[in-house]
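Below are my notes on the model, as numbered points. Please read them with the coordinates open.

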Amino acid sequence: MCTTPRSAGQRSREVGETRTGAALVMVVLVSIALAAIGHAVLVMTRTEAWIVRAEARRLERSYGASAALAAAVEGMDSLPGDEDLGTPYAPVRAARLSPEVALLTTGGPGSEARGSVVYAPSASERIGTRLAGARLGGTLEAGVGSAVAVTPALERIECPPDVAAPPGLAPWSGSGAWIPHPGLGPVDLSSLRLRLPDLSDGSVDLGPLEAADGTCVPAGGNWGDPARPGGGCTTVWGRGGSLGDTELAGSGQGLLVVEGSLSMDPGARFRGWILVSGHLWIGMDAEVRGLVDVGGNIRLEPGARLEAEPCSAAWALHEATELRAPWTVGPTAWPSF
């Protein structure tokens with residue numbers, strides 16, 4: 001059998017057809033690849049958009065819960081009990097854990113839960129757990145004729161309602177029994193000072209403020225009149241905070257917070273609670289009755305007296321109304337509860 005030889009034109013057409021077919025296959029394959037890539041990009045874009053929306057909703061819920069907790073704390077003037085608190089952002093539930101601590105929670109099914117712990121000092125707790133009248137981080141030096149003691153029961157004033165004086169109060173304890181960082185529970189000295197009336201002028205002159213007729217003037221800066229039990233200012237308790245070394249003169253009662261050292265003039269009298277980050281110097285024939293927390297040393301000059309009297313300190317804390325509003329312990333909103 002013989003075949004007719006193909007001409008050069010036929011061979012050229014066959015080669016062209018083969019190349020055309022291969023090019024068509026390549027075009028089809030590239031189109032499929034581009035379609036697959038486009039679909040993958042679309043899926044990725046939609047997935048990323050879904051993730052972004054989900055994260056935005058989560059952040060919105062989280063910020064809303066944090067804002068609700070912050071608003072609830074800001075609006076408090078005292079530690080809440082077991083109750084519901086309304087805020088512009090979300091309802092907040094409060095649960096009292098102890099006389100000084102409450103737990104705030106917000107959120108629930110379908111939303112992220114957040115919680116916050118708040119604290120406010122309680123005279124009953126602070127006094128009831130007290131072991132010594134004076135707590136210091138350094139040493140105690142007593143001059144000739146000075147004394148550190150516990151006020152006899154018959155000479156003590158009556159405690160505020162619901163406050164019981166500890167039965168076995170020691171006159172003082174050193175740094176071996178106490179960490180020398182004065183404060184009230186988790187609230188440090190600086191936080192206490194910032195809430196109290198400012199006395200940062202280097203000196204505090206104690207004394208009552210009375211009108212011409214002898215009645216007590218209910219004004220700021222009135223430190224009461226502990227020296228005259230029958231006077232009009234007997235039930236008035238002062239409070240204040242000082243930044244820097246401070247000198248104390250006169251006679252008064254209340255809560256005094258000093259970031260620095262405190263020196264009492266000869267013959268000065270103070271009843272209540274003193275918290276000092278530095279040293280405390282009690283001048284000749286001066287007297288302190290109540291509780292004392294000192295980060296450094298205590299020195300009593302000749303004739304000075306330091307007496308542990310818990311009920312006086314309890315009244316000083318009880319009447320310091322600025323300290324009743326709670327503090328947040330730790331973050332404003334814990335990540336989850």
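Which side chain meets that of arginine 193 in a salt bridge?

1. Glutamate 259 is the partner: its side chain and that of arginine 193 form a salt bridge at 2.4 Å, N to O. The term salt bridge is used for a side-chain nitrogen of Lys or Arg within 4 Å of a carboxyl oxygen of Asp or Glu. Arginine 193 belongs to helix H3 (residues 189-195) and glutamate 259 to strand E14 (residues 251-259), so the contact ties together parts that are 66 residues apart in sequence. Both arginine 193 and glutamate 259 are buried, where buried means under 20% relative accessible area, exposed means over 50%, and partly exposed lies in between (1.4 Å probe, protein chains only). Helices (H or I, at least four residues) and strands (E, at least two) are DSSP runs, numbered from the N terminus.

2. On provenance: this is a predicted model, in which local features need pLDDT of at least 70 and side-chain atom pairs count only at pLDDT 80 or more, while totals for chains, interfaces and linings use all residues. Residues are numbered from 1 along each chain as its sequence is written, and side-chain values use heavy atoms, with hydrogens and water left out.

3. The whole structure holds 11 salt bridges. One of them joins the side chains of glutamate 100 and arginine 126, at 2.8 Å from N to O. Glutamate 100 sits in the loop between E2 and E3, and arginine 126 in helix H2 (residues 123-128), so many as 26 residues apart. Glutamate 100 counts as buried at 6% relative accessibility, whereas arginine 126, at 23%, is partly exposed.

4. A network of salt bridges links Glu155, Glu287, Arg289, Arg305 and Glu307. Within this network, the side chains of arginine 289 and glutamate 287 meet at 3.6 Å, N to O. Arginine 289 and glutamate 287 are both buried. As general background, side chains of opposite charge can pair when their charged atoms come close.

5. Two disulfides are found, a disulfide being a pair of cysteine sulfur atoms within 2.5 Å. With bonded cysteines counted along the chain, the pattern is 1-4, 2-3.

6. Cysteine 159 and cysteine 311 form one disulfide, with an S to S distance of 1.9 Å. The torsion about their S-S bond is about -90°, so this disulfide is left-handed. Cysteine 159 lies in the loop between strand E7 (147-150) and strand E8 (170-173), and cysteine 311 lies in helix H4 (residues 310-318), so the bond ties together parts that are 152 residues apart in sequence. Both cysteine 159 and cysteine 311 are buried.

7. In the disulfide of cysteine 216 and cysteine 233, the sulfur atoms are 2.1 Å apart. Cysteine 216 and cysteine 233 are 17 residues apart, each in the loop between strand E11 (203-205) and strand E12 (238-243). Here the S-S torsion of cysteine 216 and cysteine 233 is about 110°, so the disulfide is right-handed. Cysteine 233 has 0% relative accessibility and counts as buried.

8. An open sheet is formed by five strands in the order E1-E2-E3-E4-E21, with antiparallel pairing. Strands are taken to pair if DSSP finds at least two bridges between them. E1 and strand E21 (327-334) are at the edges with a single partner strand each, so one side of each has no neighbour in the sheet. From one strand to the next the twist averages 20°, with axes as lines fitted to C-alpha atoms (for helices over the stretch in contact) and angles running from 0 to 180 degrees between N-to-C directions.

9. Strand E3 (residues 101-106) has five of its six residues buried. E3 pairs with E2 in the antiparallel sense over four bridges, and a hairpin of four residues joins E2 to E3. Across this pairing, alanine 95 stands opposite leucine 103 in E3. E3 and strand E4 (residues 114-119) run antiparallel and are joined by six bridges. Among the bridge partners in E4 are valine 118 for alanine 102 and arginine 114 for threonine 106.

10. Is threonine 87 buried or exposed? Threonine 87 is buried, with a relative accessible area of 17%. It is found in the loop between strand E1 (83-85) and strand E2 (92-96). A polar atom of the threonine 87 side chain lies 2.5 Å from the backbone oxygen of alanine 90. Not counting residues up to four places away in sequence, threonine 87 touches Ala68, Ala71, Ala72 and Val92, contact meaning heavy atoms within 4.5 Å.

Technical notes:
A polar contact is a pair of N or O atoms within 3.5 Å; within protein, one must be able to donate a hydrogen and the other to accept it, and residues adjacent in sequence count only if both atoms are side-chain atoms.
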